Amino acid sequence: MALLNCRSLPKHQIEINTLLQESVIEILFLTETWINLNSEPDIVQTLPPGYLIKHQDRPSGTGGGIAIIYRDYLVCHFKDSPIQDCENVLFSIHLPPSTTLSEILVYRPPGQQRSFCNSLVETTSWLSCLSPNFTVLGDLNLHFDDLTNNIAEDLKKDLASLNLHLKGNQPTHSKGHLLDPIFTNLTNLVISYGSTVSQLSDKQHFPSFLRTIPCDEYQSRVLANLIGLLGWTWVGVLAEDTDYGQLGSQLLIDELAKYSVCAAFHERLPLEYSQSRINHIIQVIKESRAKVIVAFASYDFMFPLVKEARRLNLTGRVWIGSDAWVPVDFNFINGSIVIGIRKSVLPGFRDSVLRLLPSLIAANNILFDFKKILLMRITLLHYVRKVRFRSTAGEDVFFDAGGNPPPAYEILNWKITAEGVEEKIVVGIYQPGNTSESVLTLNNSLIQLGGYDQIPQSSCNEMCTVGFRKSTREGQGVCCFDCIPCSEGEISNHTSDCMYCPDDQWSNEKRDRCVLKYVEFLSIQEPLGFILISVATASTMVVITIFAVFFKHRETPIVKANNLGLSYLLLISLSLCLLSTLLFLGRPTDITCMLRQVTFSILFVMCISCLLAKTVLVLMAFQATHPNTPLRSGLGPKIPTMIVFVCTLIQALICTVWLAFFHPYAEKNMKSQTWKVILECNEGSPTAFWCVLGYMALLAITSFLIAFKARKLPDSFNEAQLITFSMVTFLTVWTLFLPSYQNTKGKYMVAVGVFTIISSSMGIVVCIFLPKCYIIVIRPDLNSRNYLRGKLQSLTSVN
């Protein structure tokens with residue numbers, strides 16, 4: 001059964017006859033026939049064979065009118081109904097053995113809304129009691145889609161109280177309103193073999209609709225999967241201006257998005273022929289970069305477009321058709337791809353039908369007329385929904401929650417052979433898998449696309465070359481993009497996306513592969529390292545030379561004047577301290593990292609403690625010259641030795657704790673400078689590191705204060721002034737060292753440390769030992785006891 005607002009039966013007689021002949025409609029309800037059939041008998045005569053018509057015309061004037069066209073084998077009865085202010089007829093059909101369906105066909109002209117609704121509800125109330133299978137349908141001229149329309153909403157509620165519910169919610173008017181409703185209490189089972197519209201899977205509105213053909217939702221998935229497998233990302237979409245085309249194409253676009261495929265355009269093929277519309281679509285196709293066009297349309301809609309495309313020689317496109325599409329011009333669209341319902345042969349099916357329905361089959365004719373097989377009631381629906389079996393062809397047969405069968409499609413490549421023979425080659429199959437998902441298998445080697453030796457590319461723009469990545473253009477989706485270079489540390493080689501290199505690698509100049517990062521450490525083979533080791537070696541030789549000079553002139557007054565043993569120990573400590581800088585050069589290891597700071601700090605503390613002992617000894621010697629001072633009995637050679645030992649022991653204990661619990665270790669620093677790996681020593685514990693430096697600073701400051709106090713004592717060879725200058729030099733160098741050390745990275749930080757050690761060590765050598773060497777080597781006349789006595793007497797008389 002079908003309902004149609006024909007708006008003039010004479011005008012659309014041919015289309016209606018075609019509809020009846022090409023469909024399985026057995027009862028067609030018409031409103032707004034706009035005729036008087038008594039004065040136009042030709043319309044009755046021109047109905048397709050096997051059809052009858054019942055009509056009710058408008059009593060006076062033009063417009064209006066209703067009619068029912070039905071098959072002549074149906075047992076139908078017509079009665080007048082008491083509904084006021086409209087044209088209506090009560091129609092009933094008898095289905096053997098004992099089922100009767102009743103329908104009221106209504107056309108209500110505008111006006112008298114409330115009185116009409118009351119009359120319709122009153123009439124329907126008692127008629128529905130007489131017939132359990134009841135339907136109200138027609139053109140009621142009420143906007144049933146408008147929830148603010150009180151009259152329409154009240155009518156729906158009143159009919160719902162009679163168990164008559166609105167079926168469908170799609171617009172029936174060109175302005176998008178639902179004016180032609182169907183209210184029914186029927187829940188009869190309907191199994192369709194041709195309708196694929198996805199909305200019929202909505203069991204809230206179509207609870208008893210099942211089908212043996214997959215719906216457009218599955219077809220859209222197949223098309224999207226196919227396009228994704230063939231590597232196309234930019235396709236055009238054409239759709240006929242019907243529910244099939246518009247709903248199906250929108251489902252397709254949604255599915256394409258899951259494969260990162262975009263629609264270059266989405267054009268409607270008009271219901272009625274329009275040359276301007278066809279020209280517009282042709283122009284869109286010509287201007288688009290899309291080489292692939294998907295047509296969700298049937299023969300009637302595709303014919304004008306393909307005809308015009310052939311006339312303009314619009315070639316170089318790959319056409320993909322849905323299951324309703326038939327190539328209109330096989331030569332023009334040679335190599336197209338079509339989605340077809342998978343066919344299978346059921347062994348024994350014909351023989352079974354011959355045994356069961358011999359009266360319905362003509363001799364030697366396998367075309368069966370099933371139109372007289374009547375619909376079953378809801379009890380049958382309950383069991384049919386639970387049907388599940390395997391056919392003789394080995395295929396599972398069942399209905400899912402939406403009333404759909406398992407989706408099974410064939411991917412057909414339509415082409416013409418060299419001999420001019422038309423062929424449909426199965427190049428792929430879409431069938432249910434072991435899980436809930438279906439699987440598409442495709443044989444690319446069998447695909448031959450017209451005009452192409454291989455599968456062409458269809459994209460919004462060219463793919464990015466290696467070293468570049470996609471940058472989506474604003475407002476154009478993910479398919480249209482610009483190519484920009486990968487950032488430092490990123491590469492792209494096989495894809496259009498940049499990927500980060502591993503931590504120990506960096507991108508090359510072309511950004512197409514990762515290479516090992518440059519490993520940085522202060523090597524003795526590079527200029528900076530060679531200079532530092534040369535300076536340290538030379539400085540050590542200077543200290544050794546001074547030691548040799550002192551040892552050679554050890555019996556002279558200037559050498560013996562300031563504790564010869566401490567001088568020897570100080571020179572040995574300074575030479576070892578300078579040599580300890582070699583531990584800072586070369587590739588860091590865990591051993592060298594633990595030794596470098598500890599060795600330097602202990603040796604340098606020994607140097608400073610020697611200076612402190614010298615200063616304390618001078619100060620104590622002059623303090624002991626005062627009468628009755630207790631320092632006379634305590635003054636001896638053990639005091640300086642004790643000072644050096646204790647001060648160095650404290651530093652050794654600090655370093656021991658540092659090594660025991662937070663020892664330094666070698667590490668690869670990849671964060672400071674991302675393009676290279678810095679091999680450096682991690683101090684383990686910054687607190688321990690700064691404790692070591694802080695203790696050195698404390699000893700240096702103490703030595704400076706004591707030396708500064710003893711700088712004017714009357715001694716011809718008093719070292720207090722020299723120690724003061726050396727400590728000032730030491731503190732100045734290390735004060736400058738701290739900010740420089742913190743603000744440099746990598747090998748330059750190590751270089752700053754080495755330079756600081758050399759500078760502070762040589763500062764002590766220059767300030768303390770260089771003046772003495774000058775006297776010993778250049779002015780030996782000053783290195784005598786007479787000179788010492790004379791200078792001491794002059795100093796005493798001055799004081």
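Start with a small open sheet in this predicted model: three strands lie in the order 29-31-30, with mixed pairing. Select residues 518-520 for strand 29 and 665-669 for strand 30; these are the edge strands, each pairing on one side only. Neighbouring strands here are turned against each other by 25 degrees on average, direction ignored.

Now add residues 676-682, which make up strand 31. Strand 31 runs parallel to strand 29, and three bridges join the pair. To see the two strands face each other, show Val 519 and look for Val 677 of strand 31 opposite.

Next, turn to the empty spaces. How many cavities of 30 Å³ or more does a search of the whole structure find? There are two.

For the largest, of about 190 Å³, select Phe 584, Gln 597, Glu 683, Tyr 741 and Gly 753, the closest to its centre among 19 lining residues. Then colour helix 14 (590-623), helix 17 (686-709), helix 18 (720-743) and helix 19 (747-778): along with strand 31, each of these supplies at least two residues of the lining. Helix 19 gives the largest share, with four residues. Sorted by class, the lining holds 13 nonpolar, three polar and three charged residues.

The last stop is the second largest cavity, with a volume of about 50 Å³. Its lining includes Glu 520, Phe 521, Phe 584, Arg 596, Ile 678, Leu 679, Lys 747 and Val 750. Which elements give two or more residues to this lining? They are strand 31 and helix 19. Here the classes come to seven nonpolar, two polar and three charged residues.

Notes. Residues are numbered from 1 along each chain as its sequence is written. This is a predicted model: local features need pLDDT of at least 70, side-chain atom pairs count only at pLDDT 80 or more; totals for chains, interfaces and linings use all residues. Side-chain values use heavy atoms; hydrogens and water are left out. Two strands pair if DSSP finds at least two bridges between them. Axes are lines fitted to C-alpha atoms, for helices over the stretch in contact, and angles run from 0 to 180 degrees between N-to-C directions. On a 1 Å grid over the protein atoms alone, a cavity is a set of points where a 1.4 Å probe fits but cannot get out, and a pocket is an open set with protein on both sides within 12 Å along at least five of seven lines; lining residues have an atom within 4 Å of a point. Grid points are joined across faces, edges and corners, and a volume is the space filled by probe spheres set on the points. Ala, Val, Leu, Ile, Met, Phe, Trp, Tyr, Cys and Pro count as nonpolar, Asp, Glu, Lys and Arg as charged, and the others, Gly among them, as polar.
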